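Hi there,

Here is the structure I promised to pass on. Please have a look, and then read on for what turned up in it.

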Amino acid sequence: MAAVSQLQRQFIDYTTSLYNEGYLDDQFTQLQQLQDESNPDFVVEVVSLFFEDSEKLLNNLATALQQKSVDYNQVDSHVHQFKGSSSSIGAKQVTNVCIHFRNFCEAKNLDGCLRCLQQLRHEYILVRTKLEALFRLEQQILQAGGSVPVME
Amino acid sequence: MEDENAEDMEVEILSSMWPEDIDAAGKKFNVEKPGVDQDLLEDLTFSEEPSIVDFKRLLELTNYSEKGSSQLSYLVKNWELKQEKAVILLREELENLRKQQHGFELKKLEILEEHMFEDYEYGGDKRPISILDHEVYEIFQDVPKRRSDVIVQDESLEIEDEYDINTVKYWKQRALHLENLLNTSVQREQILLGKLEESIEKLEKQSSPVEELSQILKRADNFLHFVLQNAPVVIGHQDKDLRYRFIYNHFPSLGEEDIIGKTDVEILKGGGVKESQDFKREVLEKGIPGKREITFETELFGAKTFLIYVEPVFSKAGETIGVNYMGMEITDQVKQREKMAKLREEIAVQKARETELNKTIHITEETMRAKQMLATMSHEIRSPLSGIISVAEILSTTMLDKDQKQLLSVMLSSGDLVLQLINDILDFSKVESGVMKLEATKFRPREVIKHVLQTAAASLKKMLILEGHVQDDVPVEVIGDVLRIRQILTNLISNAVKFTHEGKIKINLYVIADPCPEDQKKHEKNVPRSHETTVWIQCDVQDTGIGIPENALSSLFKNYMQAGADTARKYGGTGLGLAICKQLVELMGGRLTVSSKVNYGSTFTFVLPHKVPQACESLDETDEYQDVGDDDASMDEDDVNCGFFQFNTRTLGSLFSSNGSGPTHEVTRNEVEFDKPDGFSVPVETSSKFNLENSNTNHTGLDKERPTHDPCVQKNRPLKTNTSTRVDSGTTRPRILLVEDHVVNVMVAKRMMKQLNQDMDVVNNGVEALRAVHRCDYSLILMDVCMPVMDGLQATRLIRSYEKNGNWDEARLAGVDLQDQILKEPRKRVPIIAMTANAMSESAEECFANGMDSFITKPVTLQNLKQCLQQYLPSYETL
């Protein structure tokens with residue numbers, strides 16, 4: 001029982017830090033609230049979908065930016081999608097980078113775009129790692145027989 | 001010899017006496033022609049074609065007008081002076097001549113006598129006449145002195161000749177000589193007389209100055225003509241009836257007879273003539289010269305502007321007898337001047353506009369930047385602050401000793417305060433930008449009042465009494481945006497607490513008559529609920545604080561305003577609170593007013609319309625509806641439940657007993673009058689436990705941004721909606737279409753819809769959306785704006801076209817092949833809600849322009865989605 005409460009506290013601390021450090025925002029809380037007995041794995045499902053989609057988008061972006069003549073419209077639409085999906089799960093930093101990215105797209109600034117892609121990839125991996133860690137913690141709590149604390 | 005000499009000398013002297021000066025003087029006068037009046041007139045008629053003169057008048061003028069006469073008199077004086085000199089000389093000479101003549105006549109007589117005597121002698125005896133010598137001698141002494149020398153010589157000669165005196169020959173000779181002398185003298189006299197006559201004649205000729213005057217006038221005239229030859233001027237003289245007597249006009253378009261003797265009005269017709277005449281008359285009357293610019297608009301010479309100068313002419317007696325008039329045409333100059341003035345004016349206006357614009361731009365930029373910064377800052381601060389508060393709350397659930405709990409409660413209430421401030425700022429920008437949306441939920445006014453008071457009591461350290469009085473007629477439940485109302489109340493209360501150092505703060509809640517029926521209708525239109533009635537509830541928040549000076553009342557509700565600079569320093573705060581309150585109240589269709597008296601306190605009053613739901617609510621729902629903090633705050637479940645519905649003294653009692661602190665009890669007992677069934681007092685010094693729980697309440701209750709506000713709704717809604725929709729409209733279950741290309745978004749939205757108990761079809765782009773609409777009717781479409789294949793804007797346009805025309809022609813034009821359907825009834829307009837990632841207003845405008853009804857900003861939240869369904873799905877039952 002002590003282990004569970006420690007895990008729970010750890011979970012809360014970790015989640016809070018994710019909010020405080022700006023990796024996640026309220027939208028993630030929304031997702032968590034949408035999860036209930038009928039959809040016990042909703043958050044994980046959505047986030048997994050996000051991961052999948054993001055990797056695809058990152059690849060597409062890398063390819064698009066390697067072209068001899070870069071189709072900025074295409075790049076922009078990829079980034080737009082990325083922005084949409086990241087904001088939907090509340091991956092705030094990713095969303096922020098997307099906003100910058102779009103500015104560079106608009107300016108047709110290849111260097112800026114490449115830099116942003118790098119940053120985007122970095123932020124994505126970061127948030128993925130964090131979220132995966134969070135899910136692991138959640139699994140641990142559940143395995144230990146506890147319930148995942150609800151964040152306000 | 002001697003005689004001749006004497007004679008010569010005489011002549012010389014005489015001729016030297018003759019006024020050579022006169023000749024010289026006469027030359028000056030240039031007396032060539034006999035000066036006659038006629039001549040003068042002749043000369044004046046030389047005044048050529050341009051000038052037309054009434055000579056008679058001119059003469060009169062020169063005679064009668066002061067100016068003319070002074071000029072003349074000057075000339076005359078000059079002339080007289082010259083003449084006077086000549087006359088004096090002439091007179092002198094005349095006198096001399098007369099004397100001479102007299103002398104000569106005497107001499108002649110003598111000589112004649114002598115001759116007679118000589119004849120006698122010749123005839124009779126001869127006797128010496130030595131006495132005669134003496135007599136002659138005497139006679140000569142009569143001539144002017146200058147000749148006396150000569151006569152003396154004569155005498156001496158005669159004395160010399162005395163030796164021959166006795167000879168007849170000598171006497172004869174002498175007589176002859178004398179006779180000659182006499183003759184010459186007579187001759188001289190004749191000549192002198194002639195000269196005198198001539199001189200007199202000349203004098204007569206010069207008897208008038210007219211000749212000279214005319215000369216001068218002619219010269220002046222020539223000069224004037226030379227100068228005025230081409231000048232665009234009109235010069236004239238008008239008599240006291242303003243009839244022209246003289247006019248000079250370089251470009252005459254009228255004959256003399258047309259002008260002389262007539263007035264302006266008689267000559268000309270059109271604009272300006274009257275004005276000119278009036279001006280002349282004015283000058284005439286006042287006797288003061290003046291200048292004026294007059295624009296004439298006459299048939300004769302069109303539109304012309306003249307600068308006229310009019311001066312009065314006075315008679316010798318000093319009365320005005322007419323005016324001199326001088327006009328110069330300045331039409332072009334005036335035009336230029338007006339153009340310049342206009343230009344200058346335009347430039348000035350331009351400049352003013354520019355500065356204004358610059359200022360506006362500057363202000364707008366500044367404001368925008370400031371707002372943006374504020375919003376960003378607030379938002380940035382809010383996230384970590386939420387963290388702090390959350391952790392503190394979590395901490396409070398752990399095992400803590402009393403001191404720690406107390407410290408934690410302070411931390412929580414401070415955190416809440418900061419959060420409140422930030423929310424204020426964010427709210428304010430929201431209301432200002434019109435983003436603020438109101439919710440309509442059921443709430444219990446008594447509960448709200450109680451909570452607000454509790455919260456205020458918990459976070460304050462003053463010995464104040466907080467009271468709440470809710471009249472019986474206030475419904476148990478009303479519908480409104482409880483969060484905003486709570487926000488207003490909290491703001492007003494905290495404001496009151498802030499400025500009150502002793503005494504009490506009281507909330508009075510009561511129902512009033514509808515203050516403005518029209519507003520009510522408007523309000524009802526917004527949220528049509530046929531089975532509901534509207535009550536107007538007035539809320540007074542009364543304090544016994546420092547009060548507000550009258551002059552500060554007007555600016556009280558302005559942004560960032562406080563009654564005074566020192567007030568701001570002393571009491572702190574953003575100064576936004578009241579501005580937000582006012583905005584919110586007005587947004588809800590109510591009114592916020594204030595009355596205050598310095599040192600006695602202030603009363604803030606707001607009136608809000610509230611819907612009253614049908615009073616048939618089950619108890620369990622009510623329980624669910626209560627805030628979490630409410631349950632916590634209530635010490636005794638039964639007590640509170642009861643109190644909330646009945647509001648009796650037991651509620652008070654329970655509240656007090658729960659506090660249990662001595663001094664508080666005393667204070668409240670002193671205020672027995674307020675211990676009415678519907679009132680409750682919350683003393684400030686509350687127990688630590690109470691404090692803590694209140695902060696909890698405060699946090700969840702006031703931070704409306706946080707999703708935890710919805711738990712009750714989320715948990716309860718589905719059940720209720722389920723039943724209601726199935727009962728009410730089982731067959732017309734709303735069909736919602738989501739058009740969204742992104743899998744993650746789709747998944748989230750789907751899940752949210754499920755939470756809201758709604759089924760939803762999903763398509764991935766605009767074309768698919770068209771096909772879906774083609775296939776079946778939807779009650780609501782949620783449309784992503786940016787999508788591949790066809791974006792949301794175009795899809796919406798095409799759907800609207802289909803709804804309007806009943807065919808898919810335009811879709812076909814866009815490359816989407818759809819079969820037209822035969823419609824049984826006209827298509828209903830489907831609400832289409834845009835889902836846009838850009839919260840910017842321009843994208844909102846774009847959405848509206850393309851036929852969308854509203855928009856939801858991404859990421860979509862449950863709250864937004866719920867609001868949207870409430871607004872656009874008629875069958876969607878709100879709780």
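The charged end of B:Lys597 lies over the ring of B:Tyr600, at 4.6 Å from the ring centre. A second arrangement of this kind involves both chains: the charged end of B:Arg751 is placed over the ring of A:Phe42, 5.5 Å from its centre. Please keep in mind that this is a predicted model, and that goes for everything below.

Staying with rings, there are 10 aromatic pairs over all chains. One of them joins A:Phe50 and A:Phe82, whose ring centres are 6.3 Å apart and whose planes meet at 55°, so this pair is tilted. A:Phe50 belongs to helix α3 (residues 42-66) of chain A and A:Phe82 to helix α4 of chain A, so the pair ties together parts that are 32 residues apart in sequence. A:Phe50 is buried, at 0% relative accessible area, and A:Phe82 is buried with a value of 0% as well.

Chain B has a pair worth a look, too. The ring centres of B:Phe296 and B:Phe306 are 5.6 Å apart with the planes at 80°, so the pair is edge-to-face. B:Phe296 is in strand β5 (residues 290-298) of chain B and B:Phe306 in strand β6 (residues 302-314) of chain B, and the two residues are 10 apart. Both rings come from buried residues: B:Phe296 has a relative accessible area of 5%, and B:Phe306 has 10%. Back in chain A, ring pairs also link A:Phe50, A:Phe51, A:Phe82 and A:Tyr124 into a cluster.

Helix α4 of chain A (residues 72-89) holds another residue you may want to find, A:His80. An unreviewed UniProt entry lists A:His80 under "modified residue: Phosphohistidine". Is A:His80 buried or exposed in the model? With a relative accessibility of 12%, A:His80 falls below the 20% cut-off and therefore counts as buried.

Next, a helix in chain B. Helix α30 (residues 792-805) of chain B has 14 residues and spans 20 Å from its first C-alpha to its last, close to the 20 Å expected at 1.5 Å a residue. Of the 14 residues in α30(B), 10 are buried, leaving the helix mostly covered. Among the buried ones are B:Leu793, B:Leu798 and B:Ile799, and also B:Arg800 and B:Glu803. At the start of the helix, a side-chain oxygen of B:Asp791 comes to within 3.2 Å of the backbone nitrogen of B:Leu793. Just after α30(B), B:Gly806 has a positive phi of about 75°.

Elsewhere in chain B, B:Asp481 sits in the loop between β10 (478-480) and α16 (482-499). B:Asp481 is buried, with a relative accessible area of 4%. The C-alpha atom of B:Asp481 is 5.9 Å from that of B:Leu438, although these residues are 43 apart along the chain.

Last, the cysteines. How many disulfides does the structure hold over all chains? The count is 0. Two cysteines of chain B have these surroundings: B:Cys776 is partly exposed, at 22% relative accessible area, whereas B:Cys847 is buried, at 1%.

If you open the model, A:Phe50 and A:Phe82 are a good place to begin, as both also belong to the ring cluster.

Best wishes

Definitions and conventions
Residues are numbered from 1 along each chain as its sequence is written. Chains are lettered from A and ligands numbered from 1 in the order in which they are written. This is a predicted model: local features need pLDDT of at least 70, side-chain atom pairs count only at pLDDT 80 or more; totals for chains, interfaces and linings use all residues. Side-chain values use heavy atoms; hydrogens and water are left out. A disulfide is a pair of cysteine sulfur atoms within 2.5 Å. Buried means under 20% relative accessible area, exposed over 50%, partly exposed in between (1.4 Å probe, protein chains only). UniProt positions are given in the numbering used here, feature names are shortened, and annotations may be inferred rather than shown by experiment. Helices (H or I, at least four residues) and strands (E, at least two) are DSSP runs, numbered from the N terminus. Rings of Phe, Tyr and Trp (its six-membered ring) pair if their centres lie within 6.5 Å; planes under 30 degrees apart count as stacked, over 60 as edge-to-face and the rest as tilted. A charge sits over a ring if NZ of Lys or CZ of Arg is within 6 Å of the ring centre and within 35 degrees of the ring normal. The expected span of a helix is 1.5 Å times one less than its number of residues. A polar contact is a pair of N or O atoms within 3.5 Å; within protein, one must be able to donate a hydrogen and the other to accept it, and residues adjacent in sequence count only if both atoms are side-chain atoms.
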